[in-house]
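Me: Hello! Could you pick one part of this model, take a close look at it, and then tell me about the rest of the chain too? Please give me one connected account with the numbers that matter.

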Amino acid sequence: RTEWPLVPRWRAGLVSTSARLVIAGKEVGTAVPWDDKMRLHVWVAGELPAEVFALRESMSTGRQQLAIAAHETFVGMWSIDEISTNVATSVSTAMSTFVCYVPRYEGVAFSPLQFDIDFDFEDSPNPTIVPRGSPPSLEPSVRIAPTLHFFARTTLMMIDQVDTVLQNFRADALVELRLRGLASYPNEAHVTQLLGQYGMRPDMLDFLNVSEFQMGPERWQVFGKSFVPGLQDYILKIRAKATFLEPFELQNFPFDVQPVGVVVTAQCPVTRVEIVPNLEYVSKFLSTSFALGAVFDLPFGSEVQAKSSTSAPAESSAGLTYSRIAFSVSLSRRHNYFVNNIILPLGSVTLLCPLSAASKPDGSRMGTGDRLAYAVTLMLTAVAYKLVISSSVPQVSYLTMVETYTLVCFGFMWVNLLESALWPAFGYVLVDSEVVERISEWWYALGFVFAFALYNLHFRLAGALRTGEARGTLRTIRRQWQHDRVQSRSYGMLTAALASRREGCALQPELVPPSDAIAGRSRAFRWTPGGNLSNKIKKDQAGCSRSN
């Protein structure tokens, strides 16, 4: 998800007297008040990987942080100011120096954190808060601070308004952002301190595409049981009822399929905080509370798709990139209202145009003035009707399908207007002092009706085709999302199977994949990723049986 090189596994041991507070080049102890010139100097044995310097050169990553673990005084995250490396010689070893900013603290002495941080806890995707001195064998070490990963999902309680003209919708959304494996014990103050070290607060996670809040946002935090044995997840929840902006793709209106989405962003650079989808507990839309069922269909039911991304550096005045995640529900418009109230009336008015070829009671054709009056009246009727319905169609700079249909109707009316004006001059010939039609004008009327009927057939087929294409694109995105979800669940199954082997090889029934909810069928499915999960589990079971 990131384009710059990351070195999360790089670590190095601290040398003796490896971390000191320095003010203006002079070493000081910890019993001094904070000073804006105070820096923490950290000495690390060995040369640094080239990727560390590459990270420093990328402006979009933000200021890098140095993570120190198991140190008696300076555990935590420190923003890096300078990095230097001394090359090894025959009489000295290589040494690297980090100069870090010291955050402001109150009082007359620097106070260390009351907890330690384990960056290598088994299966934990985040650094883990552990008690001081736990485990006792933990050696002091440094590394580039790893990214905090928020696993996000949402429950859309309600969507009760979709405004196609203003391109927004109103929804009630509950978003859960889970920091997995963040702590070995529940302590709100310690978690707040760790987030503060990253420059992060819970209120820095917010909705991005809100134009107006009707309720909230309400925020609260809880601890929950983690997938990682022995650890606690820290869960942040945000709920709001708001009007969300959504740039609709309306070229196919009213035969369009729209994904409407809620976007959540972290106001912290992506190298510090990243939001990823929670694929184990998927997002849901409470479709039973969908109040717009007469206007929109739900082609994929209550499924909510989650997609993470990053902002462009140009969106930030500092050139930084930020993580965000979009939760979207697919809505397929029920087009009958627009067909019945826009397309059919305009089509009916257009079909009246060739009646200018009708004859008078005495068998003669209408005069040029009457024909033009009739054609202009029909056109003015269509113009007036278009003004009436203008508030019901999207106000966008490009043509939608319904506007294209309207313009084609006006084109047919212009053809009829020109025919009404020119037919008396070119459609008749003088034979023996008697005016005779070159060809019956009813052939023109028949051709007009046939051409307009062909266009209407083309319009309806094009609408169905474009709807199918839009649904096909969404199905492709949906299949990829479901593939990622199954892969994530299968990885969890494999982890559980290996753990079960260690405990005696008793695979539990819940490790068997459930019915194929993805394809909407009731048959059992077997999914094998690139590593062939089923074979791995079978081999693991076979090995366990032999050992038993």
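Reply: Happy to! Whenever I say that residues touch or are in contact, I mean that they have heavy atoms within 4.5 Å. Please keep in mind that this is a predicted model.

Let's start with Phe207. Leaving out residues up to four places away in sequence, Phe207 touches Ala173, Val175, Phe213, Ile238, Ala240, Phe244, Val262, Val263 and Val264. Phe207 also belongs to the largest nonpolar core, which has 87 residues. Within that core, Phe207 is one of four residues that touch the most other members, the others being Ile159, Leu177 and Leu205. Strand E11, residues 168-183, supplies the largest share of this core, with eight residues. There is also a second, separate core of 21 residues, including Val42, Trp78, Tyr105 and Phe110.

Charged residues are found in strand E11 as well. Asp172 in strand E11 pairs with Arg239 in a salt bridge, at 2.8 Å from N to O. This pair connects distant parts of the chain, since Arg239 sits in strand E14 (residues 232-245) and the two residues are 67 residues apart. Which of the two partners is buried and which is partly exposed? Asp172 counts as buried because its relative accessible area of 7% falls under the 20% cut-off. Arg239, at 27%, is partly exposed, because that value lies between 20% and 50%.

A second salt bridge worth your time joins Glu176 and Arg178, whose closest N and O atoms are 3.4 Å apart. Both ends are buried here: Glu176 has a relative accessibility of 6%, and Arg178 has one of 12%. This pair does not stand alone, as salt bridges with shared partners tie Arg153, Glu176, Arg178 and Asp233 into one network.

Arg153 leads us on to strand E10, where this residue is found. With a relative accessible area of 23%, Arg153 is partly exposed; that value puts Arg153 in the middle class because the cut-off for buried is under 20%. Setting aside neighbours within four places in sequence, Arg153 is in contact with Leu174, Val175, Glu176, Asn278, Tyr281, Val282, Ser283 and Phe327. Val175 is thus a shared neighbour, being touched by Arg153 and by Phe207. Phe327 is 174 residues from Arg153 in sequence, yet their C-alpha atoms are 8.0 Å apart in space.

Further along strand E10, which spans residues 148-163, we come to Asp160. The side chain of Asp160 makes a polar contact with the side chain of Arg170, at 3.0 Å. Beyond four places in sequence, Asp160 touches Arg170, Lys241, Ala291 and Leu292.

Now for a few places elsewhere in the chain. Val339 belongs to helix H3, which covers residues 336-351. At 19% relative accessibility, Val339 counts as buried, because the cut-off is under 20%. Apart from neighbours within four places in sequence, Val339 is in contact with Phe255, Leu344 and Pro345. The C-alpha atoms of Val339 and Val402 are separated by 8.9 Å, with their positions 63 residues apart along the chain.

In helix H6 (residues 441-502) we find Leu457. Together with Phe450, Leu454 and Leu461, Leu457 makes a nonpolar surface patch of about 430 Å².

One more salt bridge joins Glu27 and Arg20, with closest N and O atoms 2.9 Å apart. Glu27 is partly exposed at 46% relative accessibility, and Arg20 is partly exposed at 26%.

Finally, here is the whole chain. The structure has 15 salt bridges. Its protein chain has seven helices and 22 strands, and 46% of its 548 residues are buried. Of the contacts between residues at least 6 apart in sequence, 72% join residues at least 24 apart. The accessible surface of the chain is about 27,600 Å², and 57% of that belongs to carbon and sulfur atoms.

How values were computed
Residues numbered from 1 in each chain as written. Predicted model: local features only at pLDDT ≥ 70, side-chain atom pairs only at ≥ 80, totals over all residues. Heavy atoms only, no water. Helix = DSSP H or I, 4+ residues; strand = E, 2+ residues; numbered from the N terminus. Polar contact = N/O pair within 3.5 Å; in protein donor to acceptor, adjacent residues only side chain to side chain. Core = buried A, V, L, I, M, F, W, Y, C linked by side-chain atoms within 4.5 Å. Buried < 20%, exposed > 50% of the residue type's maximum accessible area, 1.4 Å probe, protein only. Patch = residues over 30% accessible without salt bridge, like charges linked within 9 Å, V, L, I, M, F, W, Y side chains within 5 Å. Areas by Shrake-Rupley, 256 points an atom, 1.4 Å probe, with all protein chains shown as cover. Salt bridge = Lys/Arg side-chain N within 4 Å of Asp/Glu carboxyl O.
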